[in-house]
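Trainee: I should like a close look at one part of this model, beginning with a loop and the backbone within it. Please then go on to the neighbouring elements and to how they are covered.

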Amino acid sequence: MIIRKAISKDALGIAEVHVQSWKETYKGIISQDFLDGLRIEDRLPLWESNLNNPNPNAPVYVAEDSNGKIVGFSSFGKERTKNNQLDGELYAIYLLSEVKRKKVGSKLLLAGINDMLSQGFESLLVWVLADNPGRRFYEQYGSVKETSELIQIADVNYEEIAYKWSDLKELMKEVEQKTKKN
């Protein structure tokens, strides 16, 4: 598995993972009609724009298998709400189900943390649907619940939880330690 910074030619692979991971992760949580309506061609312009005009303060990383297929991605940047005393945000980590529980998410997280630290970020926030079992991924690294709010997806309200890490250097140590195990 190769973890590397995303480049413009990765837009399609990222869009594919984005859509497929939503369909896999949110099955039984979000309306099946909504999930069935997700299309790669709808996500592709977002990723083409992000990668063709990269923001140096908003890194995107990909996980690529031995065949060169993108199987996961992560994206980071400045904390968007400005309602918290935190400066960085993990916007997304999405993985295909075939690579979950194989430390791919941890490696994507670690790459982004290193990048954020090199830019002077000191803390991190991530928003996760409360019903998403993947939130345990963040909890295993000592995140603290900061707040929650209701968001609307397909005319249905869902609780979204904001987890925080006040010390990005400590988070890096924690992720490094757990990633090296086994």
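**A loop, the helix after it, and the packing of another helix**

Mentor: Lys-103 lies in the loop that runs between strand 4 and helix 4. The model is a predicted one, and in it the phi of Lys-103 is near 70°, a positive value in a residue other than glycine. Most residues other than glycine have a negative phi. Arg-101 is placed in the loop between strand 4 and helix 4 as well, and its phi, near 65°, is likewise positive although the residue is not glycine. As to solvent, Arg-101 has a relative accessible area of 82%, which is over 50%, and therefore counts as exposed. Lys-103, with 25%, falls between the limits of 20% and 50% and so counts as partly exposed.

The loop leads to helix 4, residues 104–118. Its 15 residues should span 21 Å at 1.5 Å a residue, and the end C-alpha atoms are indeed 21 Å apart, so the two values agree. Helix 4 is mostly covered, with eleven of its 15 residues buried. These are Val-104, Gly-105, Ser-106, Leu-108, Leu-109, Leu-110, Ala-111, Gly-112, Ile-113, Asp-115 and Met-116. After helix 4 comes Gly-120, whose phi is positive, near 95°.

Helix 1 can be examined in the same manner. It comprises 15 residues, 11–25, and reaches 21 Å from its first C-alpha to its last, close to the 21 Å expected. Buried within helix 1 are Ala-11, Gly-13, Ile-14, Ala-15, Val-17, His-18, Val-19, Ser-21, Trp-22 and Thr-25. The cover over these buried residues includes helices 2 and 3 as well as strands 2, 3, 4 and 6.

The packing against helix 3 can be described further. Helix 1 and helix 3 meet at an angle of about 135°, their axes being 8 Å apart. An angle of this size lies between 115 and 145 degrees, so the two helices are oblique to each other. Their crossing is right-handed. On the side of helix 1, the contact is made by Ala-11, Leu-12, Ile-14, Ala-15, Glu-16, His-18 and Val-19, and on the side of helix 3 by Ile-40, Arg-43, Leu-44, Leu-46, Trp-47, Glu-48 and Leu-51. By class, this contact has ten nonpolar residues, one polar and three charged.

Two other loops complete the picture. Ile-29 sits in the loop between helix 1 and helix 2, and its relative accessible area of 19% is under 20%, so it counts as buried. Apart from residues up to four places away in sequence, Ile-29 touches Asp-131, Asn-132, Pro-133 and Tyr-158. Tyr-138 lies 109 residues from Ile-29 along the chain, and their C-alpha atoms are separated by 19 Å. Tyr-138 appears again among the contacts of Ser-143, which, leaving aside neighbours within four places in sequence, also include Tyr-163, Lys-164 and Trp-165. Ser-143 belongs to the loop between helix 5 and strand 6 and is buried, with a relative accessible area of 14%. From Ser-143 to Ser-166, 23 residues apart in sequence, the C-alpha atoms are 8.7 Å apart.

Terms used. Residues numbered from 1 in each chain as written. Predicted model: local features only at pLDDT ≥ 70, side-chain atom pairs only at ≥ 80, totals over all residues. Heavy atoms only, no water. Helix = DSSP H or I, 4+ residues; strand = E, 2+ residues; numbered from the N terminus. Expected span 1.5 Å × (residues − 1). Buried < 20%, exposed > 50% of the residue type's maximum accessible area, 1.4 Å probe, protein only. Contact = heavy atoms within 4.5 Å. Axes fitted to C-alpha atoms, helices over the stretch in contact; angles between N-to-C directions. Parallel < 35°, antiparallel > 145°, perpendicular 65-115°, else oblique. Left-handed = near helix turned anticlockwise from the far one by under 90°. Nonpolar A, V, L, I, M, F, W, Y, C, P; charged D, E, K, R; others polar.
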